[in-house]
Amino acid sequence: MTNRKTENPEKLLITTLSGIKEPSTPIWLMRQAGRYLPEYRKLRVNTNSFLDLCYSPDMATTITLQPIRRFNLDAAIVFSDILVIPDALGQEVKFVEGEGPRLGPMNEDRGHLSLDKQKFLSHLSPVYETIQKISSSDIGKTAIIGFAGAPWTIATYMIEGGPTKTFSKVKGWSYRDPDSFERLINGLVVAITWHLEQQIQAGAEVIQIFDSWAGVLSPKSFHRWVIKPTRQIVQNIKNSYSHIPIIGFPRGAGIGYVDYVNETKVNAVSLDTTVPTRWAAENIPKDCVLQGNLDPDALLNGGIPMLEHIRTILRDFSERNHVFNLGHGVLPTTPINNVETLIKTVKSYNSSN
Ligand code: CP3
């Protein structure tokens, strides 16, 4: 790793993800655009469906930029959702107020998805248009992050039909008929690759892959349904876009984070709140950038405990390339002041040390 001067003209998030040890730590927050922002709630009351917002390039651009206009953040993540993929594959997806996503019956035959690239990309074209609009807006040194859900997490929603505590349907299928389940996962690898490539072509400079339910699997299943397909997606993207940094988020993976990093070859890994920072700094391969991992509830509650938690993270990762983030998304009742304090604390950390 090399050291650079502060007058680096490039984007802090991108140089940090490329392995350059910068004097300051970049920061962005998962779910930084969303219900905790009054300007988001104002726009949201006038729209019936959340997916309509995701598919309206003007509104999605405005929402993506809301936290950027308000705070000193180093990245804008495109306003969309991981469930646009099943939607584009023809499965009904609805978001029910207060309950979360609800999906209709799956559109597959023993794991065979009907994959029509042109139809799929044309359904998702508003997402790419949004990224183009963000790219051509005045965002200065803010990097643009595109994203997708990982195959396992998307499959859980497709098969369970919504949120679940037991994962019994999706796990049941994977144990009873692993061949057809693997076909489904491989089909999702193809669709996810298309979606990510198209986001990069539209202007995404960094990619994050969300595997929110990686933590519910046995080690063997974690390898087969999380690591293997993610490695394939990373390879596919690197084949055409070797310069684009990829952040993986196998939430809840525990010590499995180490194998995940070694085997998927992601450039950076997003750590959930349960991962001990000193363990991660010592055990996750040094060429992998670490992202995370403030508890969203510490942010919501603020005060001294939040400040202590922020400083511990910054201190424990001071020898590593680090991107400050939460361990999961911003909670809807989070006070704006706490977000401001968090960003100020991270941004002033270097001058105070
Ligand atoms: O700011 C950002 O982070 C970008 C936009 C973004 C959203 N969802 C917007 C959203 C991103 C990156 C996601 C990812 C996502 N979506 C994940 C992976 C990360 C994670 O949270 O584990 C998952 C599992 C989903 C699926 C999903 N979308 C659920 C379970 C829900 C309902 C829960 C909730 O918070 O409402 C959503 C809805 C959703 N996605 C909202 C937003 C802003 C709230 C919609 C509303 O305004 O009512």
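Let's start with F147: its relative accessibility is 8%, so this phenylalanine counts as buried, the cut-off being under 20%. Please keep in mind that we are looking at a predicted model.

Who is F147's ring partner? That would be F210. The two ring centres lie 5.5 Å apart and the planes meet at 85 degrees, and because anything over 60 goes down as edge-to-face, that is the label this pair gets. F210 is buried too, since its relative accessible area is 13%. What I like here is the sequence separation: F147 belongs to strand β6, residues 143-149, while F210 belongs to strand β7, and 63 residues separate them, so this pair links distant parts of the chain.

A second pair worth clicking on is W173 with F181. Those rings are also edge-to-face, at 5.8 Å centre to centre with 65 degrees between the planes. W173 has 13% relative accessibility and is therefore buried, and F181 is buried with a relative accessible area of 0%.

How many aromatic pairs are there by this rule? The count comes to ten. There is also one aromatic cluster made up of Y40, F50, F79 and F95.

Now, one more ring, this time with a charge. The charged end of R251 sits over the ring of W213, at 4.8 Å from the ring centre. W213 turns up again as a contact of T156. T156 itself is placed in helix α8, residues 151-160, and at 2% relative accessibility it counts as buried. Setting aside its neighbours within four places in sequence, T156 also contacts G161, F167 and V170.

Let's move to helix α11, which runs over residues 219-240. Its 22 residues reach 31 Å from the first C-alpha to the last, close to the 32 Å expected at 1.5 Å a residue. And where is the kink in α11? Look at I227, shortly before the proline P229, where the helix bends by about 25 degrees.

Both I227 and P229 are on the list of buried residues in α11, which also includes S221, W225, T230 and N236. The buried residues of α11 pack against several elements: helices α8, α9, α10 and α12, plus strands β7 and β8. So T156's helix, α8, and F210's strand, β7, are both partners of α11.

One residue to pick out of α11 is F222. Is F222 buried or exposed? Buried, because its relative accessibility is 8%. Not counting residues up to four places away in sequence, F222 touches A214, L217, I227, P250, A253, G256 and Y260, so the kink residue I227 is one of its contacts. F222 and W152 are 70 residues apart along the chain, yet their C-alpha atoms are separated by 9.2 Å.

Last stop, helix α15, residues 303-316. Why do we say its length agrees with expectation? Because its 14 residues should span 20 Å at 1.5 Å a residue, and the end C-alpha atoms are indeed 20 Å apart. The buried residues here are M306, I310, I313, L314 and D316. They pack against helices α13, α14 and α16, together with strands β10 and β11.

To wrap up with two places to look on screen: the F147 and F210 pair, joining β6 and β7, and the kink at I227 in α11.

Definitions and conventions:
Residues are numbered from 1 along each chain as its sequence is written. This is a predicted model: local features need pLDDT of at least 70, side-chain atom pairs count only at pLDDT 80 or more; totals for chains, interfaces and linings use all residues. Side-chain values use heavy atoms; hydrogens and water are left out. Helices (H or I, at least four residues) and strands (E, at least two) are DSSP runs, numbered from the N terminus. Buried means under 20% relative accessible area, exposed over 50%, partly exposed in between (1.4 Å probe, protein chains only). Contact means heavy atoms within 4.5 Å. The expected span of a helix is 1.5 Å times one less than its number of residues. The bend at a residue is the angle between axes fitted to the seven residues ending there and the seven starting there. Rings of Phe, Tyr and Trp (its six-membered ring) pair if their centres lie within 6.5 Å; planes under 30 degrees apart count as stacked, over 60 as edge-to-face and the rest as tilted. A charge sits over a ring if NZ of Lys or CZ of Arg is within 6 Å of the ring centre and within 35 degrees of the ring normal.
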